[in-house]
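User: I am new to this structure. Please walk me through its main features.

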Amino acid sequence: MKSVILALALAFTMNAGAQTPKAAPTLKSILLDQLHSTHDKSDWFVCANVAVANLTPEQANWSDGKGNHSVGQLTYHLLFWNSRSLATFQGHPLPNFKGENTETFDKFDAKSWNDTVNKLNQVMTDLEKVVANASDAQLAQWAPTIANIATHNAYHIGEIVMVRKEQGVWDASKGVK
(Lines give C-alpha, C1' and ligand atoms only; values in the text may rest on other atoms or scores of the structure.)
Protein backbone atom coordinates (compact mmCIF):
# COMPACT_ATOMS: atom_id res chain seq x y z
CA MET A 1 0.00 0.00 0.00
CA LYS A 2 2.80 2.40 0.92
CA SER A 3 4.51 1.74 -2.41
CA VAL A 4 1.29 2.57 -4.32
CA ILE A 5 0.90 5.86 -2.45
CA LEU A 6 4.58 6.67 -3.02
CA ALA A 7 4.26 5.89 -6.74
CA LEU A 8 1.17 8.13 -7.07
CA ALA A 9 2.87 10.95 -5.18
CA LEU A 10 5.91 10.72 -7.45
CA ALA A 11 3.73 10.66 -10.56
CA PHE A 12 1.89 13.82 -9.48
CA THR A 13 5.16 15.53 -8.59
CA MET A 14 6.69 14.74 -11.98
CA ASN A 15 3.54 15.87 -13.79
CA ALA A 16 3.46 19.15 -11.87
CA GLY A 17 7.06 19.89 -12.80
CA ALA A 18 6.39 19.19 -16.48
CA GLN A 19 3.66 21.83 -16.73
CA THR A 20 4.60 25.22 -18.13
CA PRO A 21 3.53 27.99 -15.80
CA LYS A 22 1.10 30.47 -17.36
CA ALA A 23 1.92 34.14 -17.25
CA ALA A 24 -0.32 36.13 -14.97
CA PRO A 25 -3.00 38.04 -16.88
CA THR A 26 -2.38 41.72 -17.41
CA LEU A 27 -4.86 44.52 -17.90
CA LYS A 28 -3.95 44.52 -21.59
CA SER A 29 -4.44 40.76 -21.99
CA ILE A 30 -7.79 40.87 -20.19
CA LEU A 31 -9.09 43.77 -22.28
CA LEU A 32 -7.90 42.14 -25.50
CA ASP A 33 -9.56 38.88 -24.48
CA GLN A 34 -12.83 40.73 -23.87
CA LEU A 35 -12.65 42.47 -27.24
CA HIS A 36 -11.78 39.27 -29.12
CA SER A 37 -14.59 37.34 -27.41
CA THR A 38 -17.10 39.78 -28.89
CA HIS A 39 -15.33 40.02 -32.24
CA ASP A 40 -13.66 36.91 -33.62
CA LYS A 41 -13.23 34.27 -30.91
CA SER A 42 -16.38 32.56 -29.70
CA ASP A 43 -15.89 31.31 -26.17
CA TRP A 44 -18.59 31.61 -23.53
CA PHE A 45 -20.89 33.02 -26.20
CA VAL A 46 -20.93 33.52 -29.95
CA CYS A 47 -18.70 36.30 -31.29
CA ALA A 48 -19.89 38.99 -33.71
CA ASN A 49 -18.22 37.47 -36.76
CA VAL A 50 -20.12 34.22 -36.24
CA ALA A 51 -23.37 35.97 -35.29
CA VAL A 52 -23.56 37.97 -38.54
CA ALA A 53 -22.04 35.39 -40.91
CA ASN A 54 -23.85 33.93 -43.91
CA LEU A 55 -26.86 36.22 -43.98
CA THR A 56 -28.33 37.69 -47.12
CA PRO A 57 -29.26 41.38 -47.08
CA GLU A 58 -32.92 40.33 -46.97
CA GLN A 59 -32.33 38.13 -43.93
CA ALA A 60 -30.35 40.90 -42.24
CA ASN A 61 -33.24 43.29 -42.83
CA TRP A 62 -35.90 40.91 -41.45
CA SER A 63 -37.86 42.08 -38.41
CA ASP A 64 -40.49 40.27 -36.37
CA GLY A 65 -42.95 43.13 -36.87
CA LYS A 66 -43.23 43.72 -33.11
CA GLY A 67 -40.90 46.70 -32.94
CA ASN A 68 -37.73 44.68 -32.38
CA HIS A 69 -34.61 45.46 -34.35
CA SER A 70 -33.35 43.48 -37.31
CA VAL A 71 -29.89 41.88 -37.39
CA GLY A 72 -28.85 44.65 -39.77
CA GLN A 73 -30.01 47.38 -37.41
CA LEU A 74 -28.23 45.77 -34.47
CA THR A 75 -25.05 45.36 -36.50
CA TYR A 76 -25.19 48.96 -37.69
CA HIS A 77 -25.69 50.07 -34.08
CA LEU A 78 -22.56 48.16 -33.01
CA LEU A 79 -20.62 49.64 -35.91
CA PHE A 80 -21.74 53.16 -34.95
CA TRP A 81 -20.70 52.94 -31.29
CA ASN A 82 -17.51 50.94 -31.84
CA SER A 83 -16.45 53.47 -34.51
CA ARG A 84 -16.96 56.37 -32.13
CA SER A 85 -14.98 54.65 -29.40
CA LEU A 86 -12.16 53.88 -31.81
CA ALA A 87 -12.05 57.49 -32.99
CA THR A 88 -11.90 58.68 -29.37
CA PHE A 89 -9.02 56.32 -28.53
CA GLN A 90 -7.17 57.43 -31.67
CA GLY A 91 -7.68 61.09 -30.81
CA HIS A 92 -9.79 61.79 -33.90
CA PRO A 93 -12.67 64.28 -33.81
CA LEU A 94 -16.08 62.68 -33.55
CA PRO A 95 -18.72 63.26 -36.22
CA ASN A 96 -21.71 65.27 -35.08
CA PHE A 97 -24.30 63.25 -33.24
CA LYS A 98 -27.48 64.63 -31.71
CA GLY A 99 -27.58 61.91 -29.08
CA GLU A 100 -30.68 60.18 -30.41
CA ASN A 101 -29.85 56.50 -30.01
CA THR A 102 -32.68 55.52 -32.37
CA GLU A 103 -30.70 56.86 -35.31
CA THR A 104 -27.86 54.42 -34.49
CA PHE A 105 -30.26 51.63 -35.44
CA ASP A 106 -32.44 53.25 -38.08
CA LYS A 107 -29.74 54.26 -40.54
CA PHE A 108 -29.20 50.66 -41.61
CA ASP A 109 -29.80 49.99 -45.30
CA ALA A 110 -30.04 46.38 -46.50
CA LYS A 111 -28.17 47.34 -49.69
CA SER A 112 -25.10 48.04 -47.57
CA TRP A 113 -25.29 44.84 -45.47
CA ASN A 114 -22.00 43.33 -46.66
CA ASP A 115 -20.26 46.68 -46.27
CA THR A 116 -21.66 47.04 -42.74
CA VAL A 117 -20.37 43.59 -41.78
CA ASN A 118 -16.92 44.33 -43.25
CA LYS A 119 -16.71 47.72 -41.55
CA LEU A 120 -17.69 46.26 -38.18
CA ASN A 121 -15.00 43.60 -38.52
CA GLN A 122 -12.41 46.27 -39.41
CA VAL A 123 -13.41 48.61 -36.59
CA MET A 124 -13.24 45.79 -34.06
CA THR A 125 -9.84 44.72 -35.43
CA ASP A 126 -8.64 48.32 -35.16
CA LEU A 127 -9.91 48.56 -31.56
CA GLU A 128 -7.85 45.48 -30.71
CA LYS A 129 -4.79 47.01 -32.36
CA VAL A 130 -5.21 50.25 -30.41
CA VAL A 131 -5.44 48.32 -27.14
CA ALA A 132 -2.48 46.09 -28.07
CA ASN A 133 -0.33 49.17 -28.72
CA ALA A 134 -1.58 51.31 -25.82
CA SER A 135 0.61 52.33 -22.93
CA ASP A 136 -0.18 51.19 -19.41
CA ALA A 137 -1.35 54.72 -18.59
CA GLN A 138 -3.74 54.74 -21.56
CA LEU A 139 -5.08 51.32 -20.63
CA ALA A 140 -5.69 52.39 -17.06
CA GLN A 141 -7.69 55.36 -18.34
CA TRP A 142 -9.56 53.44 -21.04
CA ALA A 143 -10.24 50.18 -19.19
CA PRO A 144 -13.76 51.01 -17.93
CA THR A 145 -14.81 52.13 -21.41
CA ILE A 146 -13.31 49.07 -23.09
CA ALA A 147 -15.04 46.78 -20.60
CA ASN A 148 -18.34 48.54 -21.35
CA ILE A 149 -17.71 48.20 -25.11
CA ALA A 150 -17.28 44.46 -24.70
CA THR A 151 -20.40 44.18 -22.52
CA HIS A 152 -22.44 46.28 -24.97
CA ASN A 153 -21.22 44.18 -27.89
CA ALA A 154 -22.05 40.93 -26.08
CA TYR A 155 -25.56 42.16 -25.25
CA HIS A 156 -26.39 43.01 -28.85
CA ILE A 157 -24.70 39.90 -30.23
CA GLY A 158 -27.11 37.93 -28.05
CA GLU A 159 -29.98 39.86 -29.61
CA ILE A 160 -28.62 39.13 -33.10
CA VAL A 161 -28.58 35.41 -32.36
CA MET A 162 -32.11 35.55 -30.93
CA VAL A 163 -33.42 37.38 -34.01
CA ARG A 164 -31.76 34.79 -36.25
CA LYS A 165 -33.26 31.96 -34.19
CA GLU A 166 -36.71 33.54 -34.36
CA GLN A 167 -36.29 33.97 -38.11
CA GLY A 168 -35.16 30.36 -38.49
CA VAL A 169 -31.73 31.22 -39.97
CA TRP A 170 -29.47 30.30 -37.07
CA ASP A 171 -27.17 27.28 -37.34
CA ALA A 172 -27.16 25.77 -33.85
CA SER A 173 -23.83 24.05 -34.57
CA LYS A 174 -22.27 27.52 -34.32
CA GLY A 175 -23.31 27.74 -30.67
CA VAL A 176 -26.36 28.65 -28.60
CA LYS A 177 -28.57 25.66 -29.30
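Analyst: A term to start with: helix axes are lines fitted to C-alpha atoms over the stretch in contact, and angles run from 0 to 180 degrees between N-to-C directions. The model is predicted.

User: Are H5 and H8 roughly parallel or roughly antiparallel to each other?

Analyst: The axes of H5 and H8 come within 9 Å. They cross at roughly 170°. Angles over 145 degrees count as roughly antiparallel. H5 and H8 are therefore roughly antiparallel.

User: Which H5 residues meet H8?

Analyst: On the H8 side, the partners include Trp142, Ile146, Ile149 and Ile160. On the H5 side they are met by Val71, Leu74, Thr75, His77, Leu78, Trp81, Asn82, Ser85 and Phe89.

User: Where does H8 bend?

Analyst: H8 has 32 residues and reaches 44 Å from its first C-alpha to its last, close to the 46 Å expected. A bend of about 55° is found in H8, with Pro144 following within four residues. The bend is at Trp142.

User: Which helix supplies the largest share of the largest nonpolar core?

Analyst: This core has 38 residues, and Phe89, Trp113, Val131, Ile146 and Ile160 have the most contacts inside it. H2, H3, H5, H7 and H8 each supply at least two of its residues. The largest share, 9 residues, comes from H8.

User: What is Trp113 in contact with, leaving aside its neighbours within four places in sequence?

Analyst: Trp113 is one of the core residues with the most contacts inside the core. Beyond its sequence neighbours, its contacts are Val52, Leu55, Thr56, Pro57, Ala60, Val71, Gly72, Thr75 and Phe108.

Notes:
Residues are numbered from 1 along each chain as its sequence is written. This is a predicted model: local features need pLDDT of at least 70, side-chain atom pairs count only at pLDDT 80 or more; totals for chains, interfaces and linings use all residues. Side-chain values use heavy atoms; hydrogens and water are left out. A nonpolar core is a set of buried Ala, Val, Leu, Ile, Met, Phe, Trp, Tyr and Cys residues joined through side-chain atoms within 4.5 Å. Buried means under 20% relative accessible area, exposed over 50%, partly exposed in between (1.4 Å probe, protein chains only). Contact means heavy atoms within 4.5 Å. The expected span of a helix is 1.5 Å times one less than its number of residues. The bend at a residue is the angle between axes fitted to the seven residues ending there and the seven starting there. Angles under 35 degrees count as roughly parallel, over 145 as roughly antiparallel, 65 to 115 as roughly perpendicular and the rest as oblique.
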